[in-house]
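Biologist: I would like to learn how to read strands, helices and aromatic rings in a model. Can we go through one together?

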Amino acid sequence: MGAVTHPFLRIVRARLGQAVMAAAVLATLCFGLIHALPGDAALRIAAARVGEGRLTPETVARIRAEAGLDRPLIVQYGAWMGRLARGDLGRSPVTRRPVAAELGSHARHTLALGLAGWLLSYAVALPLGLAAGLRPGGRLDRVTQAASVALASTPSFLIGIVLISILALSLRWLPPAGFRTSAHMVLPAATLALGLAANSVRVVRHAVVDVRGAFFVTYAQLRGLPEGAAFRRHGLRHAAVPVVTFMALQTGFVIDGFVVIETLFAYPGIGDLLVRSLLARDVPMAIRNDRLAVTPLKNATPETARDPARRLYGLPPRVRITDLIEEVGPRRDSRGPAALSPAPPRRGSVRPMAWSHMASRRHLLEHACGPPREGCSEFAHDFRPDMTPDDPAVAAALAAWRDALAPESVLSALEASHAYRRGTFPWDGRPLAVLRPRSADEAAACVAVAGAFGAPLHPVARGRSWGLGSRLPPQDAAILDLAGLDRVIALDMARGLARIEPGVTFAALQDRLKREGLAWHLPSFGGPPDASVLANALERGDGAGPGGDRFAALWDLDVALSTGERLRTGSARFGGAQASGATADLAIHPRPAGPTLEGLFSQSGFGVVLAATIALQPTPAFAEAMLFDLGPAPRLGPALAALAGLIRDGVVDPMGAALWDGAKRRASGAGGDGWGLSLALSGPDRGFLAARRRRALRALRPWAVEVLVEGDRDATGRRRETPLTGFSDGANLASLYAGRGRRPGDAGDPDADGCGFVWLCPVAPLEGAAVEALAAAVDAATAAAPVVAALGFQAQSARALHGYVSLAWDRAQPGADAAAMAAHDRLAERLIALGMPPFRRGWAGLAAQPIADPTARAVLARLRAALDPAGALSPGRTL
Ligand SMILES: Cc1cc2nc3c(=O)[nH]c(=O)nc-3n(C[C@H](O)[C@H](O)[C@H](O)COP(=O)(O)OP(=O)(O)OC[C@H]3O[C@@H](n4cnc5c(N)ncnc54)[C@H](O)[C@@H]3O)c2cc1C
């Protein structure tokens, strides 16, 4: 076969190979065990063939020679395995009939008995389990539970003996044993059925109880469906899932029961034949009976018996995650792993996945809450249980994710808490499941599964992207919650390097650095201290002061691709980080020769970053903050020209300068009414710092109405924990509540608290006229909307500013969502018209700030196709 084979065929081939190996090993074991039995095999065969009374030494000798039992054991084994390999099962030395024919005739009886017993068991278990489950704790439930426990702990031969005693010997209704008419099958089938029903009745009962208590059935009742109709319409199908699985698994127990039941009832099936062959030392029959009939069937369950069950659910065959990862691992053929995807994405479509349920979603929303209307936006953003994703690709991926992770690490869409379903602006992307891996390998497996099945997956590190999308995906997708990957993998306090996982927060890293003596720190920022350092860097976040360009400080990414590959972007491509003279985990040099790959994974969704190295900043001996209050009518032109000069001269680090308007100062609780320009200054000694302060004062004092200076020491000269040395205080988070008119408590959750909040992040020239134009655009776009608009800027260089424009509103106010989003879109358009493109886009900005250049779009699409061929990661994010 050529190199290009469907992966499932390859898996089937591998499984067949394993089956052949297992069969050979089992056959050898059976051969050895049967020959190890005490007594003369030829004697037993002769006795079985001619009868013990007619045995003579000549007969025994003839049968020994005829059956080849006089040859050395190894020769017998070789000859027998050879015949087996040719498919020649030989003849029974006892009956002298071909073994295959003997097996065939007995197998017919066994299959008939098995089917009858299995059907009978469900004829009892289904109605009883359903009735018991509908009235849990009722009399029938208690009786059924007690009876099923008693039956399950009774061996089947005892059940059989009781049935024979009552129904055959006492009442004489049925024949006790043998097989001549169909009546002979009743007692063995009933024995088998009672054993099976003892367990299945409890499975049915639990499935019914679980589903009746499920949120979606309750929800259906809330929508006005009577209890019975809600269960019939929404519950029954769900309850069938564990029952069907169990039915498939039970085939293994059916086979176990044959030997005992057929022997007890002298029923002429495979089990009975096996026992008789063993007694008669009919080696070929015994071995072939056990190996060819019983063992493969038993071995087929439960692993492969689940596959038919999965077919019943409409899922693809079960594949272990390790198989999949091997399959989707490094590309081996020209088509690449994209060929794996059972639901190949449509290229070029805005929504790469064929989400057929999207259409019905609106229909159901209307059904539940009437046509969309103002004030229904909260509901529109809420979770609707009827939308449980049943797309085959998602269902199949979900099954594989459940294989890859611990059970409690996978939440279905239903189980996902509200935290995963709300944002600070109206948004339609919804979690289809939540995956919480506990290690990088588990996370990589989740990503590989997403790629293999074409199931959409969106990574979230800490989920604090308020104003950019919160934890919601750009389009419907399962959420890969990486908060559990929170190790500081390595810390080098000599060189100032940390290798971190995505779950490491600013607060946790700073705490660790403090414990290590704070010789190094991570530049602080205005965002939540419990946000992810790695996610913020991947989003090209801004820290205050030297080293604040977070993405520039990031290298050597460990990236999980949806192709199943793990990519190291750093020196590893030359055989390891040692090449750069550091330990394997902490390369000192960020960019090895060749294209820099890190950029591919920033703001892209092309891969999931599982670890990276981040450069820390030496903690200055002395630092202070200066605030130049520029007043309500600032002279931004000369003030910003002076600032650019200070940056060019190296007096102020570019990332150490920030500009705020009055609304921003008020919203964040910083005090003051007019525009403010703040500087973070540092120096190795007081004299150096004082020189910088003097230069800054000389340049900016003329444009300020007031200047405040705040050092990093308390009255006793001890260092305080301030943002100047890396302690993000989260004070700025108050601005999330600007539209609600109240400040958050300690446990403020803007998503749940109805805070309307959205960011626009334009790049603006560091020039007064540009900032004034931007401010005018904000005023014009938001004038008629019930929003609090605030402006903040962080300098990037003497040329450019990163703008942070926030719009805050009260989502509970009718019509506010729609008006705020309209203002947002107007402003986004206006900023692009002003030549101020975004450096960061949230989900609200994706449509409002499209990528206009067709070549850029085409190249980005090609990069996506190369790195994430199934289009599985954060679909909708890049274009
Ligand atoms: C009031 C306020 C002030 C703020 N001030 C600042 C500021 O001064 N400077 C600044 O930079 N930001 C600021 N922010 C933005 C905010 O802090 C960031 O958006 C925040 O760091 C993101 O939250 P998170 O770390 O929990 O990331 P998440 O919400 O978990 O993720 C953010 C994004 O990164 C992607 N992502 C996460 N992990 C991975 C991964 N492992 N691999 C690939 N992609 C991944 C996600 O898909 C998502 O798109 C501010 C926000 C607020 C609300």
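**Reading sheets, packing and rings**

Modeller: Start with one bridge: Leu-554 has Ile-614 in β10 as its partner. This is a predicted model; local features need pLDDT of at least 70, side-chain atom pairs need 80 or more, and totals for chains, interfaces and linings use all residues. Residues are numbered from 1 along each chain as its sequence is written, and side-chain values use heavy atoms, without hydrogens or water.

Biologist: Which strands pair around that bridge, and over how many bridges?

Modeller: Strands of a sheet pair through backbone hydrogen bonds, parallel or antiparallel. Strands (E, at least two residues) and helices (H or I, at least four) are DSSP runs, numbered from the N terminus. Two strands pair if DSSP finds at least two bridges between them. Here β8 (residues 554-560) and β10 (residues 608-615) pair over five bridges, in the antiparallel sense.

Biologist: What is the strand order in the open sheet of five strands?

Modeller: The order is β5-β6-β10-β8-β9, with antiparallel pairing. β5 (488-492) and β9 (566-568) are the edge strands; each pairs on one side only. From one strand to the next, the twist averages 10°. Axes are lines fitted to C-alpha atoms, for helices over the stretch in contact; angles run from 0 to 180 degrees between N-to-C directions.

Biologist: Which helix lies across β8, β9 and β10?

Modeller: Helix α18 (residues 440-453), running at about 135° to β10. α19 lies across β5 and β6 (497-500), at about 40° to β5.

Biologist: How is the open sheet of four strands ordered?

Modeller: As β1-β2-β4-β3, with mixed pairing. Its edge strands are β1 (410-412) and β3 (457-460). The twist averages 25° from one strand to the next. β3 and β4 (residues 477-481) pair in the parallel sense over four bridges. His-458 has Ile-479 in β4 as its bridge partner. Helix α17 (residues 392-404) lies across β1, β2 (431-435), β3 and β4, at about 150° to β1.

Biologist: Is Ser-562 buried or exposed?

Modeller: Buried means under 20% relative accessible area, exposed over 50%, partly exposed in between (1.4 Å probe, protein chains only). Ser-562 has 2% relative accessibility, so it counts as buried. Ser-562 is in the loop between β8 and β9. A polar contact is a pair of N or O atoms within 3.5 Å; within protein, one must be able to donate a hydrogen and the other to accept it, and residues adjacent in sequence count only if both atoms are side-chain atoms. The side chains of Ser-562 and Asp-868 make one at 2.5 Å. Contact means heavy atoms within 4.5 Å. Leaving out residues up to four places away in sequence, Ser-562 touches residues including Val-447, Ala-448, Leu-867 and Leu-873.

Biologist: How many aromatic pairs does the whole structure hold?

Modeller: Six. Rings of Phe, Tyr and Trp (its six-membered ring) pair if their centres lie within 6.5 Å; planes under 30 degrees apart are stacked, over 60 edge-to-face, the rest tilted. Phe-506 and Phe-525 are stacked, 4.1 Å centre to centre with 25° between the planes. Phe-506 is in α19 (residues 506-515), and Phe-525 is in the loop between β7 (520-521) and α20 (533-538), 19 residues apart. Phe-506 counts as buried at 5% relative accessibility, and Phe-525 at 13%.

Biologist: Why is the pair of Tyr-804 and Phe-839 called edge-to-face?

Modeller: Because their ring planes stand at 80°, with centres 5.6 Å apart. Tyr-804 is in β18 (residues 800-810) and Phe-839 in β19 (residues 838-840), so the pair ties together parts 35 residues apart in sequence.
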